[in-house]
Amino acid sequence: MTPHTRVFVAGGNTLYGHALTTLLRTEGFQSLVGVGTTEPDLTDAAATDAFFAQERPECVFLCAGRSGGIGLNRAAPVELMRDNLLTTLNVLASAHRHGTAKLLYLASSCAYPKHAAQPLKVESLGTGPMEPTSEAYSTAKFAGWKLCDAYRREYGCRFVTGFPANAFGPHDDFTPEGGHVIPALLRRAHDAKSRGDAELVVWGTGAPRREFVYSRDLARACLFVARNYEGEAPINLGGGTDLGIADVAHAVAEVVGFKGPLVFDTTKPDGAPLKALDSAPLLDMGWRPESDFRAALNETYHWFLHHRATEGRTHARRAV
């Protein structure tokens, strides 16, 4: 990849997409296509193909497709699965048809079996049932990986699949209904503080553990993989901070300044008991995350205060 490589970040309005676009600009890439309103509706096959025919991107980062936390996965499994399947089908077909040289597809760690050995190795993919609360979405992301693999085997396409750890950062979905763990907690804590609530309610027992990676670090990992990885096997994009949900909730409360006690609502589902990635192949190539978790949490909350705190709760994210 050179500064003149034509790069398309598919899903540029997502958490991952914003971080990647910012990084690429910082790194001096001068030929980003499909930025902002020029990105087509990727669920529309004709619009997607017309875009690829005109812009001819040489490198594609496929970040598109709706996602959300446990609440959205339970409320809208059809919409999540359909959006991700259509987006992936259309982008991969057009990338192949119009000669994209390299594509990195971002799947989801939700596609791993619920009870796979930890940390999660790519060899365990497909060896057991997924977490039921996100099964529809996860199945679509799993299918995306398999389709990339099929394009590699049948047509020789340089399509690589990455499985990111739980990412957070600016441009995330901060709605309690649709957000993932950290942004949803930040929003709940902020609202509880603003209302003067006596306590902060957290979904589940607080016992599950997750590996978290700042979106800026994930973007760096994606660019590193695009430049350096050609393997047939998918690659985990982790190496971040492994924390219990209760620890995360307390850290969020401190960052927001909420002083009351935390109450864990055990009537709500926990999701997978543990989810951390074995990112040894990535780390062995020399990549390392740079961001301190607490500093990244502070940056994320400050961004939220500037951009989202006064918005209503209808903001919806399209992301991995």
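How do the residues of the lining of the second largest cavity divide into nonpolar, polar and charged? Keep that question in mind as you go through these close-up views of a predicted model.

**View 1. The second largest cavity and its lining.** Here is the answer to the opening question: six residues of this lining are nonpolar, two are polar and three are charged. The space inside the second largest cavity comes to about 50 Å³. Look around the walls for W145, C148, D149, R152, F159, V160, T161, G231, E232, A233 and P234. Helix α5 (135-155) and strand β5 (159-164) each supply at least two of the lining residues. With four residues, α5 gives the most to this lining.

**View 2. The largest cavity.** The count of cavities of 30 Å³ or more comes to two, and the largest of them holds about 760 Å³ of space. Its lining is made of 49 residues. To find your way to the centre, start from G69, I70, H180, V181 and R210, which lie nearest to it. Several elements give two or more residues to the lining: α1 (15-26), α3 (70-75), β6 (166-168), α6 (181-195), β7 (200-203), β8 (209-214) and β12 (274-275). The largest share, six residues, comes from α6. Sorted by class, the lining has 28 nonpolar, 13 polar and eight charged residues.

**View 3. F61 and the largest nonpolar core.** This core has 62 residues, and F61 and L103 are the ones with the most contacts inside it. Helix α7 (residues 215-228) provides the largest share of the core, eight residues. Now zoom in on F61 and set aside its neighbours within four places in sequence. The residues in contact with F61 are then M1, V7, F8, V9, A10, L20, L24, L104, C222, L223 and A226. Another core lies apart from the largest one; this other core has 28 residues, including I182, A189, V256 and F258.

**View 4. An open sheet of six strands.** Follow the strands across the sheet in the order β2-β1-β3-β4-β5-β9, with parallel pairing. What stands at the edges of the sheet? These places belong to β2 (32-33) and β9 (235-237); each has a single partner strand, so one side of each is left without a neighbour in the sheet. Within the sheet, strand β3 (residues 59-62) and strand β4 (residues 102-106) run parallel and are joined by four bridges. To line up this pair by eye, find L62, which stands opposite Y105 in β4.

**View 5. Strand β7 and its two faces.** In a regular strand, the side chains alternate between the two faces of the sheet. Strand β7 shows such an alternation: L200 and V202 point to one face and are buried, whereas V201 and W203 point to the other face and are not buried. The strand pairs with β11 (residues 262-265) in the parallel sense, over four bridges. One residue to look for is V201, whose bridge partner in β11 is V263.

**View 6. F304 in helix α10.** Helix α10 covers residues 293-307, and F304 is found in it. Is F304 buried or exposed? F304 counts as buried because its relative accessibility is 0%. Look also for D172, which is 132 residues away from F304 along the chain. The C-alpha atoms of F304 and D172 are separated by 8.7 Å.

Key
Residues are numbered from 1 along each chain as its sequence is written. This is a predicted model: local features need pLDDT of at least 70, side-chain atom pairs count only at pLDDT 80 or more; totals for chains, interfaces and linings use all residues. Side-chain values use heavy atoms; hydrogens and water are left out. A nonpolar core is a set of buried Ala, Val, Leu, Ile, Met, Phe, Trp, Tyr and Cys residues joined through side-chain atoms within 4.5 Å. Buried means under 20% relative accessible area, exposed over 50%, partly exposed in between (1.4 Å probe, protein chains only). Contact means heavy atoms within 4.5 Å. On a 1 Å grid over the protein atoms alone, a cavity is a set of points where a 1.4 Å probe fits but cannot get out, and a pocket is an open set with protein on both sides within 12 Å along at least five of seven lines; lining residues have an atom within 4 Å of a point. Grid points are joined across faces, edges and corners, and a volume is the space filled by probe spheres set on the points. Ala, Val, Leu, Ile, Met, Phe, Trp, Tyr, Cys and Pro count as nonpolar, Asp, Glu, Lys and Arg as charged, and the others, Gly among them, as polar. Two strands pair if DSSP finds at least two bridges between them.
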